[in-house]
Every structure is written in structure tokens, then in C-alpha cells.
Amino acid sequence: MIRKLRLAYPDTQIDALVTVSGKLALAGNTDLNNLITVGSKPKLVESLKLLKDNFYQYDWVINDKPSGKSEIYAMLFSKWLSKGSWRSRVVNEGDSEGWRTSRLFSEHTVFESSNEEHRIIRNFSLLSPLSLDDEMAVIAPENDELPSLPKNYIVIHCPSSNQVKQWPVSSWKELIERLEISGHKIVLTGSPSARDENLLSELMASLSPSDNIVNLSGSLSIAQTSSLIKSSQGYIGADSGITHLASGHNVPIICIISVAAASMWAPWPYRMSINEYEKQPYRNGVRRQVLGNVTILQSTRSCVPCGYGACRTDEKQVSPCLSDISPNEVFESVVKSIHYHQGIK
């Protein structure tokens, strides 16, 4: 969405209001002029400074959250009394007759369709009155300052954002061992968080020492991770922010997803046109789907997707739907994807 706006309006100031986690995703995005960061529970002093710096500053405001504090920010930061102001926002379908759809709050409204519409398509709908072209591209920041790497390698990002979306460590171990035996070199990534560090430590302890497995977890920035993926033979990951980062590059992507709705959250294929699909490029509960450079693997259980935690009892639990996806299935998808991609390059 941001890239579309920048291409259409190259000389316009484009800022983004983000949470701390959102800042990680957009840091280094050259299409933005400024990142304005707000805490999830800002203190009074922080809120007053945010208001002082941004009140009535923006001609156009686009809000991709259907409710919450973002509604207040969108109203206060927009020049809503100005003749040239324009506001576009997302509203839950249940609020279609309420005050949120009033022209007082927005000139253009997009309705949230639960488990039906991919987030890329929904966000592009926010821009539909602007008549922009329909090719979508995830823009990933890059930094080529990387440590010494094997000549050909596959990037594996094992951690998910939480345990309920985590493919078991034992499954990652089996997959990595199969890839290494078949001649592939592996580069592991992860954030500096305690959760990621613990998971990678457990994984590395289970693997035999090997020069073909390089662990860079916690040592790379988002931009460096992006460049690492760009130069790889392919990427394997669970449902995570790094998997979406990977879709900014034309490399084979294998995504393991089941808890979240693939129809909404699976990574977008490289530069695929919006108009190729009306609402759902992916279907939920289908074992294996391939679109462009992306392969997604899901459980076929009737409860998929559950929407984060129908089976959750504690942080140690592994979601049964993710355990349904075997290392062998992932391995075969990796081999097919890499061979196919090398053939069309």
C-alpha cells in the first residue's frame, strides 16, 4: 500500500503511525518520510506529545484498523475540516449501519470480511478511489553487510511469534537433517528475543555439529535478514513477520500455517496482480497450495483455521494442526519449489 502511494505521489510526505512491533516491520522503508511510534499503552505525557506534534497535520489519513485508538488518531491527525481532506478506513461488517460509516468520520469505507479477504486485497481496497494500478509488491528493506555465507543456502526461520503458531522443534530438526543429507546448506535466522534464542538453542543442541548449518539468529537486522533471503535458494518459515518480509523477493517460499487463516495471512506471491483474485488467493484447510513463488502447507482438520488458540491450554502446548504437517511434506515441497524456480530463472 505504501509503495503504491509513493509511486503515485512521489513528492508527497508519507508518514506511518505504528506500534513498537509495527516499527520493526517498517524500519528502513524508503517510501516513508517518517515513522511515528506509539506505545500500546501510552502514558499521558506520551499521548500529549503525540497530539501536539501531529494534531490537524495530515490532508489524507488511511486507517487499516476497524476500531480502537487508531480511530481517535485518524480523526485528530486529519485536517477533517479542510476542503481537500480525505479519509479512508476499515469498518467491521457489524458496524455497517453505525456511526463509523458516517461521512463525518470517513470519505471511503472498506468492510472487514472475517476469514474471507486477504489483507493485501483489503488494504488495496482502501486506495480504490485513487485508481492505482493493481500490481502488488511487498517492499523489503535491504542491507548487504552480511557475514561470510555458503555459496548456496536455504534460509530457515523457525520461530513464530507465539507458541500456538509454532511448528515443533523436533519437526524442524528432522527437516534440517534431511536437507543437509540431500546436500543443502542451511542458514538459520531469528530475533534477539528470549523466546527465539531459547528455541534456536534447543534446536542447535539437538543437531550434530556441521559446517553446513549456520546459525545467525539474533545477529541480523531486519534489513540484513531481507538481503540474506534475497540471495538465497529459498526460504522456509512458519506464519511470522519474516515470512511476509520474504515475499518481497523472488525466491521460493515455503510457509507452514494452520492456526491463522491462510486466506487472510499467507504471504503474497511476488508481484502478483490484485485482480487475479477477487478476495481469496488462498483457501483455508487445503493441504498444499502453490501460487507463484509461494507454497503454503496446512492441516486439513475441520477446525482449521481456529483463529489463534482453540486448543491452547498453556504456553507449552503445540497446536495439533501444525503437528499434522510432516517434515517429509515440507522437504518435498522445498525440493520441488527450488528445482522449479531454478528452471524458470
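Trainee: Which way do helices α3 and α4 cross?

Mentor: The crossing of α3 and α4 is right-handed. Bear in mind that this is a predicted model.

Trainee: What makes that crossing right-handed by definition?

Mentor: A right-handed crossing has the near helix turned clockwise from the far one by less than a right angle. The axes of α3 and α4 cross at roughly 35° and come within 9 Å.

Trainee: Which residues meet there?

Mentor: From α3 come Leu50, Leu51 and Asn54. From α4 come Tyr73, Leu76 and Phe77.

Trainee: How do you know how that contact divides by residue type?

Mentor: Sort the residues by class. Leu, Tyr and Phe count as nonpolar, while Asn falls among the polar ones. The result is five nonpolar, one polar and no charged.

Trainee: Which residues of α4 are buried?

Mentor: Ser70, Glu71, Tyr73, Ala74, Met75 and Phe77. The cover over them includes β1, α3, β3 and β4.

Trainee: Where does Pro42 sit, and what does it touch?

Mentor: Pro42 lies in the loop between β2 and α3. Leaving aside neighbours within four places in sequence, Pro42 contacts Ser47, Lys69 and Tyr73. As for distance, the C-alpha atoms of Pro42 and Leu188 are separated by 35 Å. Those two residues are 146 residues apart along the chain.

Trainee: Now the other helix pair. Why are α6 and α7 called oblique?

Mentor: They pack at an angle of about 50°. Roughly parallel needs under 35 degrees, and roughly perpendicular starts at 65. The angle falls in neither range, so α6 and α7 are oblique to each other. Their axes are 10 Å apart.

Trainee: What is the handedness of the α6 and α7 crossing, and which residues make the contact?

Mentor: α6 passes α7 in a right-handed crossing. α6 supplies Val169, Trp172, Lys173, Ile176 and Glu177. α7 supplies Leu199, Glu202, Leu203 and Ser206.

Trainee: How do you know the make-up of this contact?

Mentor: Use the classes again. Glu and Lys count as charged; Val, Trp, Ile and Leu count as nonpolar. The tally is five nonpolar, one polar and three charged.

Trainee: Why do residues three or four places apart in an α-helix point the same way?

Mentor: An α-helix has 3.6 residues a turn, so that spacing brings them round to the same side.

Trainee: Why is α8 described as largely enclosed?

Mentor: Seven of its nine residues are buried, so the rest of the structure largely encloses α8. The buried ones are Ala223, Gln224, Thr225, Ser226, Ser227, Leu228 and Ile229. They pack against β6, β7, β9 and α9.

Trainee: Take Ser226 in α8. Why is Ser226 called buried?

Mentor: Its relative accessible area is 0%. The limit for buried is under 20%. Ser226 is therefore buried.

Trainee: What makes the approach of Ser226 to Pro141 a polar contact?

Mentor: The Ser226 side chain reaches the backbone oxygen of Pro141 at 2.7 Å. The cut-off is 3.5 Å for a pair of N or O atoms, with one able to donate a hydrogen and the other to accept it. The distance falls within that cut-off.

Trainee: Which residues does Ser226 touch?

Mentor: Not counting residues up to four places away in sequence, Ser226 touches Ala140, Pro141, Glu142, Leu245 and His249.

Trainee: Where is His249, and how do you know whether His249 is buried or exposed?

Mentor: His249 lies in the loop between α9 and β10. Its relative accessible area is 5%, so it is buried. Its contacts beyond four places in sequence include Ala140, Glu142, Ser226, Tyr270 and Asn293.

Trainee: What makes the phi of Tyr56 worth flagging?

Mentor: Phi of Tyr56 is near 55°, a positive value in a residue other than glycine. Tyr56 lies in the loop between α3 and β3. Ser131 also has a positive phi, about 55°, and is not a glycine. Ser131 sits in the loop between α5 and β6.

Trainee: Why do Tyr56 and Ser131 get the accessibility labels they do?

Mentor: Exposed needs over 50%, buried under 20%. Tyr56, at 29%, is therefore partly exposed. Ser131, at 66%, counts as exposed.

Trainee: What is the geometry of the peptide bond from Val304 to Pro305?

Mentor: The bond is cis, with omega near -5°. Pro305 lies in the loop between β12 and α11.

Methods: Residues numbered from 1 in each chain as written. Predicted model: local features only at pLDDT ≥ 70, side-chain atom pairs only at ≥ 80, totals over all residues. Heavy atoms only, no water. Axes fitted to C-alpha atoms, helices over the stretch in contact; angles between N-to-C directions. Helix = DSSP H or I, 4+ residues; strand = E, 2+ residues; numbered from the N terminus. Parallel < 35°, antiparallel > 145°, perpendicular 65-115°, else oblique. Contact = heavy atoms within 4.5 Å. Buried < 20%, exposed > 50% of the residue type's maximum accessible area, 1.4 Å probe, protein only.
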